[in-house]
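Reader: Hey, I'm new to reading protein structures. Could you walk me through this one?

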Amino acid sequence: MVEHSKKVCTIQVNKTIQQIIKIFYRSGIWQSDIESNSHKIGKKLFYTFFGALLPIFLATNGFLCADRNESIFSAQTAILDAVVYLKFLYLLFNEQKILAFLYDPIVVHSIENRDECEQTSKRINKIMEFVRAYCSAIFISAVLVIVFKLPVFSSKKGLPVFISFAWNESEIVYWLAYLFLSLETPLYVIVNLITPLIWYIMLNYSIEYELLGNKIRKLGVGKKTVETGAKNQKVFRSNQRSMFIEDLTGLIKAHRNVTQTIERFRSCFSILFLGQIITSGIAICTSVYSLAFVSKENIVQAEVHVVILLYGIFDIFLVTYLGNEITIASDRLSYCLFESNWIEQTETNKKYVLIMGEVLKQPQELVVLIYLMNLDTFIKIINGAYRMFHILKSFR
């Protein structure tokens, strides 16, 4: 959403992101201010306990089932759901922090240049098209894994997510398990909508660095005067140099604000990012393994394996890609500074420029433990998944 005024256009939080926020409130994961504290605490405790049951159930099934392929698939799904459960905890207990990041002025851009505003809006809309397709694929897959295993469509009493449940002989336990998975699956799909929120925030951080770079590039570039008198020229140049210092000081503060905000964001989500880095390689490996040996007659199951594989890839690829974009955009700031009109400034002003140049030499990097959130980390994860697949294949 773009709002225009006479001089400034403001890019508000995207409508798709606003719809996701509404889903969180309507599902009860987030609570409104009018609810009592006891009601809020009760909901959080219920969701914390109920959400933890799914990865426990899947891990138990992987341990008890006799079929090796299903055991591997259940273990893989349990690992993925463990990360989603971590996202669930973030949603439950960090509502205000997430909303603060979303509605921060750094994410809600105010841009004076109309062309920059339109380009920024187009860039955001482009990734939001992917987000809408991503969310649609997950919701459709959730419906398929529940409906496809209904007794009406299947002679075998299997469970959603293609769990055979062959080790269970009780009819009552089977229907309770079916009801349980039919409730947990859509809940986990809703919880996973936090992922597009994180993508959206990270995208806007890289955009903010680019907008900051454009402002730095325009430092010292003022309107030419039409005055011809020597006195007027001196006054004009003096004013220009004074404005240069004021603008440079404002940009230093803006840069510090962006850097500190991104650091708070990294600190808030570092545990989640670490969980994604550690488990994504395992999820990708087991997805490829399942696809390699899935029955060719079961097309729907193969499609679900493809969705899980794509989920595992994009879940880690987008955060490493956007983290890489933040680093690249921040690294360009030093080049933008020396593209400005600093050469015509006084010696004192040039010293300030050199000091800021030293500050901008260090790009913004999202470091999680020992891992950098960049494309090199993503490539290492893919290579690790490839090696694990060959090891797993050798035991077949």
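**Cysteines, cores and a surface patch**

Author: Sure, let's begin with the cysteines: this structure, which is a predicted model, holds zero disulfides.

Reader: Okay, and is Cys336 buried or exposed?

Author: Cys336 is buried, because its relative accessible area is 5%, and buried means under 20%. Cys268 counts as buried too, at 13% relative accessibility.

Reader: Let's go inside then. How many residues has the largest nonpolar core?

Author: The largest nonpolar core has 105 residues. Ile29, Ile216 and Phe269 are the ones with the most contacts inside that core.

Reader: Which helix gives the most to this core?

Author: That's helix α7, residues 194-217, which gives 14 residues to the core.

Reader: You mentioned Ile29. What is Ile29 in contact with, leaving aside its neighbours within four places in sequence?

Author: Quite a list: Phe24, Tyr47, Phe88, Leu91, Leu92, Leu187, Ile190 and Val191. There's also a second, separate core, made of seven residues, and among them are Ile72, Ile284, Tyr289 and Phe389.

Reader: Where does Tyr289 lie?

Author: Tyr289 lies in helix α8, which covers residues 230-293. Tyr289 has a relative accessible area of 2%, so it counts as buried.

Reader: And what separation do the C-alpha atoms of Tyr289 and Lys393 have?

Author: Those C-alpha atoms are 7.4 Å apart, while along the chain Tyr289 and Lys393 are 104 residues apart.

Reader: Cool. New topic: I spotted Gln276. Which helix is Gln276 in?

Author: Gln276 lies in helix α8.

Reader: Buried or exposed, that Gln276?

Author: Buried, because the relative accessibility of Gln276 is 3%, and the cut-off for buried is under 20%.

Reader: So what does Gln276 touch, if I skip neighbours within four places in sequence?

Author: Skipping those, Gln276 is in contact with Val83, Lys87, Asp315 and Ile316.

Reader: Now the outside. Which residues make the nonpolar surface patch of about 350 Å²?

Author: Phe63, Leu64 and Trp167 make that patch.

Reader: Where is Trp167 found?

Author: Trp167 sits in the loop between α5 (114-147) and α6 (171-191).

Reader: And why is Trp167 called partly exposed?

Author: Because its relative accessible area is 35%, and partly exposed runs between the buried limit of 20% and the exposed limit of 50%.

Reader: Got it. Can you put Trp167 and Tyr289 side by side for my notes?

Author: Sure: Trp167 is partly exposed at 35% and belongs to the nonpolar surface patch, whereas Tyr289 is buried at 2% and belongs to the second, separate core.

Conventions: Residues are numbered from 1 along each chain as its sequence is written. This is a predicted model: local features need pLDDT of at least 70, side-chain atom pairs count only at pLDDT 80 or more; totals for chains, interfaces and linings use all residues. Side-chain values use heavy atoms; hydrogens and water are left out. Patches are made of residues with over 30% relative accessible area and no salt bridge: like charges are joined within 9 Å, nonpolar side chains (Val, Leu, Ile, Met, Phe, Trp, Tyr) within 5 Å. Accessible areas come from the Shrake-Rupley method with a 1.4 Å probe; for residues, only the protein chains shown count as cover. A salt bridge is a side-chain nitrogen of Lys or Arg within 4 Å of a carboxyl oxygen of Asp or Glu. Helices (H or I, at least four residues) and strands (E, at least two) are DSSP runs, numbered from the N terminus. Buried means under 20% relative accessible area, exposed over 50%, partly exposed in between (1.4 Å probe, protein chains only). A nonpolar core is a set of buried Ala, Val, Leu, Ile, Met, Phe, Trp, Tyr and Cys residues joined through side-chain atoms within 4.5 Å. Contact means heavy atoms within 4.5 Å. A disulfide is a pair of cysteine sulfur atoms within 2.5 Å.
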